[in-house]
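Work through the exercises below with the sequence and the model open beside you. Try each task before reading its solution.

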Amino acid sequence: MSDRVAGDGASSKGAPPVLEMRGVTKRFGAVTANDGVSLTLGRGEILGLLGENGAGKSTLMKILYGLYTPDEGEVFLDGERVEIRDPKDAVSRGIGMVHQHFTLIPPLTVAENIVLGAEPRKGLSLNLEEAVRATEELSERYGLKVDPRSRVADLSVGVRQRVEILKALYRNVRILVLDEPTAVLTPQETEDLFAVLKELVADGLSIILITHKLGELLGVSDEITIIRDGRVVDTVDAADTDEGELARLMVGREVLLRVEKEEVETPGGVRLAAENLTVRSSTGALAVKGVDLEVRGGEILGMAGVDGNGQTELAEALAGTRPVEGGRVFLDGADATNLGADARQERGLAYVPEDRGTKGLVQDFALYENNALKTYDEPPFSKWGWIFPKVMRRRAAEALRAYDVRPADPEARAGSLSGGNQQKAVLARELSGDPGVIIAAQPTRGVDVGAIEFIHGQLLKQRAEGKAILLISLELEEVRSLSDRILVMYAGRIVGEVGPEATDEQLGLLMAGRGVEEKSA
Ligand SMILES: Nc1ncnc2c1ncn2[C@@H]1O[C@H](COP(=O)(O)OP(=O)(O)OP(=O)(O)O)[C@@H](O)[C@H]1O
Ligand SMILES: [Mg+2]
């Protein structure tokens, strides 16, 4: 975007930039998360922030939002030096932030969440009608559709993301920070969100956007600042760069942006199967309605679909973390329907859950404890009732190093890792145990392009070794480039099977529940 809506900060004459951060340094013990970082944001500008997992993006934004105090450096708003004491202070200065992980309170309604901490009051109590009205008005004004009265717990992630953004906008922001807002969105939801962002900047708002999706950054930002190991490497104009250059700048080497998949001769026997599987969701509704599937050794079976069509429940039922209502699950030919998650794992099943934050890792445990979370009571970690922490630490260190988790420190608390590194830690645990069957749900959610290349390579390596892999992903490109066959799930059913050469249109139709009979078209 070359013609900016309103002045472009640093270079525009007269008015100082809306935001300038100068020489910001932040240390956590031995880790320097930000090392003399400077950046400039102009009025009406979208600045992209790009960097590997752990590069320091969220930390920098948390400093801006008053969650962390920098060790060194200065922050200027409209040319005036400020000390941002806490998030409340940040909000009062017109800074809003949508965090990498959801911060909404599930039992409350949309309207209650949006006004939380800034409630309209009637006497001493919350003026609910006013909250609903304000929510409706905001929702209308920005084209972010939500129902003010529904409970957040009942919403899909895409709608939750909209609520997070409305919550920030309700507070009259001038600077909006979005930390990976699209990681959980479908392509259509992402497109809608970006249309809203463009309207916001046309209104004079300034936005900082963090995403690992290079195409998105190029499409929506004016400038892109690239951070590596806590330092700014470069700031480039989105109009004169491309994905290859961005990847190289952030990783410091060439990155393979496309997967190279080898032919595997004929796939082996069926290792994972579901027969007429029916599963209920947490709200009690039927989420999976009679699904049959078979995954063979040496095969990656892709599962495409719009989020919320039963994929999550299906994965959980196959992994044994959710009860089955009807039908059967087979692992290597044996009926596993009545086995718990642990027993299935002992039989060689690995499961990468989509929600690493609450289901994948215990945030307060050290990485070595997380690494042995499911196997601490088995050899080599324990024998005759004795637990061997040394072995746990050594194995964890190996797995963390192999998966390039940063820091690869077995003693680090899982919760102190950056978002993408937490995801890599889950993969390290699940894939390093030499499983026979792998269920991977959104395996690359929130990880950087270099790590995606690595994870894709690992999945293909497992495939070449004869493992059976079920890959559930919202990223069509990922499903297509890795899978041997693709099933499409819609409203709890498998509505079609296509090959990896299927076009966006073919997949899109199936994902929308249309063209059910067009399997071989
Ligand atoms: N509260 C904390 N305590 C200790 N270390 C931390 C803490 N927060 C962040 N770090 C460390 O600071 C570094 C930067 O982390 P940050 O979360 O800013 O990365 P990021 O660029 O947002 O990565 P991602 O793309 O994975 O979200 C990492 O090495 C991380 O482990
Ligand atoms: Mg982050």
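**Exercise 1. A strand and its two sides**

Which residues point one way from β15 and which the other way, and are they buried or exposed?

Solution. The model is predicted, local features need pLDDT of at least 70, side-chain atom pairs count only at pLDDT 80 or more, and totals for chains, interfaces and linings use all residues. Residues are numbered from 1 along each chain as its sequence is written, while chains are lettered from A and ligands numbered from 1 in the order in which they are written.

Step 1. Fix the terms. Strands (E, at least two residues) and helices (H or I, at least four) are DSSP runs, numbered from the N terminus. A residue is buried if 20 or more other C-beta atoms lie within 10 Å of its own, exposed if 12 or fewer, and partly exposed in between, with C-beta atoms placed from the backbone.

Step 2. Sort the residues. Glu-299, Leu-301 and Met-303 point one way from β15, and Ile-300, Gly-302 and Ala-304 point the other way. All of them are buried.

Step 3. Conclude. Because 6 of the 6 residues of β15 (residues 299–304) are buried, the strand is largely enclosed by the rest of the structure.

**Exercise 2. The sheet around β15**

Find the partners of β15, then place the strand in its sheet.

Solution. Step 1. Two strands pair if DSSP finds at least two bridges between them. In general, strands of a sheet pair through backbone hydrogen bonds, either parallel or antiparallel.

Step 2. β15 runs parallel to β22 (residues 468–472), and 5 bridges join the two. The partner of Gly-302 in β22 is Leu-471. With β23 (residues 485–490), β15 shares 4 bridges, again in a parallel arrangement. Here Leu-301 stands opposite Arg-485.

Step 3. β23 is also joined to β24 by 5 bridges, and these two run antiparallel. Ile-486 has Val-498 of β24 as its bridge partner.

Step 4. The open sheet has 6 strands in the order β18-β21-β22-β15-β23-β24, with mixed pairing. β18 (349–352) and β24 (493–498) stand at the edges with a single partner strand each, so one side of each is left without a neighbour in the sheet. On average, neighbouring strands of this sheet are turned by 20° against each other, direction ignored.

**Exercise 3. Helices on the sheet**

Which strands does helix α9 lie across?

Solution. Step 1. Two residues are in contact if their C-beta atoms, placed from the backbone, lie within 7 Å. Axes are lines fitted to C-alpha atoms, for helices over the stretch in contact, and angles run from 0 to 180 degrees between N-to-C directions.

Step 2. Helix α9 (residues 311–319) lies across β15, β18, β21 (437–441), β22 and β23, and runs at about 150° to β21.

Step 3. Helix α14 (residues 419–431) also packs on the sheet, where it touches β18 and β21. The direction of α14 makes about 175° with that of β18.

**Exercise 4. The shell around ligand 1**

Which residues come nearest to ligand 1?

Solution. Step 1. A residue counts as near a molecule if its C-beta atom, placed from the backbone, lies within 6 Å of it. There are 19 residues around ligand 1, and Asn-53, Ser-58, Thr-59, Ser-418 and Gly-420 come nearest.

Step 2. β2 (31–41), α1 (57–64) and α14 each supply at least two residues of this shell. In α1, 8 of the 8 residues are buried, so the helix is largely enclosed by the rest of the structure.

Step 3. By class, the shell has 5 nonpolar, 12 polar and 2 charged residues. Ala, Val, Leu, Ile, Met, Phe, Trp, Tyr, Cys and Pro count as nonpolar, Asp, Glu, Lys and Arg as charged, and the others, Gly among them, as polar.

Step 4. Domain 1 (1–94 + 206–253) and domain 3 (356–434) each give at least three residues to the shell; the bounds come from an automatic or database domain assignment.

**Exercise 5. Backbone angles**

Where is Asp-404, and what is its phi?

Solution. Step 1. Most residues other than glycine have a negative phi, and most peptide bonds are trans.

Step 2. Asp-404 is in the loop between α13 and α14, and its phi is positive, near 55°.

Step 3. In the loop between α13 (389–402) and α14 lies Pro-407. A cis peptide bond joins Arg-406 and Pro-407, with omega about -5°.
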